[in-house]
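Q: I have a model open and want to go through it with you. Can we start with the contact between the chains?

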Amino acid sequence: MVNDRQLEVLINDVYEYHGFDFSGYSRASLKRRVDRLIQLDNFADFTAFLSKVRTDGTYFKHMVEEITVNVTEMFRDPHFYKVLREDILPLLATKPFIRFWHAGCSTGEEVYSMAILLKEANLLHKSLLYATDINPLVLDTAKKGIFPLRMIKSYSENYMASGGKKDFSHYYTANYGLAKFGEDLSEKMVFSIHNLVSDGSFNEFDLILCRNVLIYFDKDLQERALQLFDDSLSKLGYLALGTKETIKFSSIQDRYEQVQKEKIWKKTK
Amino acid sequence: MEKNKISSSFKVVIIGGSAGSLEVLMKVLPRLNRISAFALVIVLHRKNSEDSTLEDLIALKTTIPVKEVEDKTAFLPGFIYVAPSDYHLLFESHNQLSLDTSEKVNYSRPSIDVSFESAAEVYGPLLTGILLSGANSDGTHGLQVIKQQSGTVVIQHPDSAEMPYMPRVALENNSPDFVLNVEELLGYINSIE
């Protein structure tokens, strides 16, 4: 196991050699990810790993891809999507144009879920879904909209639990163990690399979703990200976080009102 | 950019379990004394769902306050903490809990190994890991790490477990400090000061 000191050396060197700042990441999780990578890539010890990270740019990219957690699913937490479907989208529907930002979208499963909700609410034609991640590899997967077929059964159950009434298979084509989601869903998506640690606001949005990303950040970095979201939200826009994340105790809290008991906040000022 | 490490100054007891472990908790929790000297963490394999039934059930069975675990929840003695479903529960060095949705470990999230290992790193000799009934081998490796870090290892006696597989695998791969049946387990936890 990597010790605390080694982890700090890695964070420092990564910043010094590659300009990438992991200093605001939660240590407990980061440590597990580093341990896992050292094991997966068969390094003899931490020193060998560190030297590779320092000197090999290609390996460093691989490290960034592997160190960030990319576990996601379609209609994750179906009840959350039910609230979006029934309570939030009808309010956004009155706008001439609706902008969404999925920050830390990983392989895009939640972006496609949102596109399905919008299609069913007949809003997709006037929506734009920006989806960003720090990791270019996962964005490639997201762009393709191709997900493992073995996951579809549980996605289909999630979809129904979220209030979906259609036959879920209507949204994808199955082939060789993969499910490809239709381009009618992805045509309103824009994918791009964005780092919540160092990049700024790039547009104004009506709904920002950042679910299970802030858990990997310490309080200071969470504060930065929340400020960034606040700067990027239109008045009366919504911010949606993961089921165990909160804006409580952050500096933006006073300007927001929680929607029911959901992890959705409405910007009021 | 080294963070100041505040030394962790209280004891931590983590109870891990799978199938058949809830019944043990239901027997033990109502008869637990106040736990002012330590924090009690419960990591059970559970169906992944958003509901908080397990927390509610546990809170009903004990007079010890149950703190809801969210990201970066402050971790304090005197409280019970329950690992939320579909997240791994981790321990930061400054008495804070954090959550992680990375890959399942031993087909489980929360995984008992993950919490045992993470807590052992931070709390070392102040940590006691208790492994209960289950039909999975989660927890075995975590107990080894607890031992390496000079913590205390307790395993439910397989004969007293509804599902003996998990404690048996743990026994075969660990030298526990205590192997206890349910009544003894209650006495043990009540004796921690």
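Q: How many residues does each chain put into the contact?
A: Chain A gives 21 residues and chain B gives 20 residues, where two residues are in contact if their C-beta atoms, placed from the backbone, lie within 7 Å.

Q: And which helices of chain A supply at least two residues each to that side?
A: Helix H1 (4–18) and helix H2 (27–40) of chain A do. H1(A) provides the largest share, 4 residues. Helices here are DSSP runs of H or I with at least four residues, strands are runs of E with at least two, and both are numbered from the N terminus.

Q: How does the side of chain A that touches chain B divide by residue type?
A: There are 6 nonpolar, 8 polar and 7 charged residues on the side of chain A that touches chain B. Ala, Val, Leu, Ile, Met, Phe, Trp, Tyr, Cys and Pro count as nonpolar, Asp, Glu, Lys and Arg as charged, and the others, Gly among them, as polar.

Q: Before I go on, where do the numbers come from?
A: The model is predicted: local features need pLDDT of at least 70 and side-chain atom pairs count only at pLDDT 80 or more, while totals for chains, interfaces and linings use all residues. Residues are numbered from 1 along each chain as its sequence is written, and chains are lettered from A and ligands numbered from 1 in the order in which they are written.

Q: What are the ipTM and pTM?
A: ipTM is 0.92 and pTM is 0.93.

Q: What about pLDDT in chain B?
A: The mean is 93, with 94% of the residues of chain B at 70 or more; pLDDT is the predictor's confidence in each residue, from 0 to 100. Over residues 1–6 of chain B pLDDT stays under 50, and the model has 8 contacts beyond four places in sequence for them.

Q: OK, fold of chain B. How many helices and strands?
A: Chain B has 6 helices and 9 strands.

Q: What is its radius of gyration?
A: Chain B has 15 Å, which agrees with the value near 16 Å for a compact globule of 193 residues. The radius is taken over C-alpha atoms, and the globule rule is 2.2 Å times the number of residues to the power 0.38.

Q: And the span along the principal axes?
A: The C-alpha trace of chain B spans about 50 × 35 × 35 Å.
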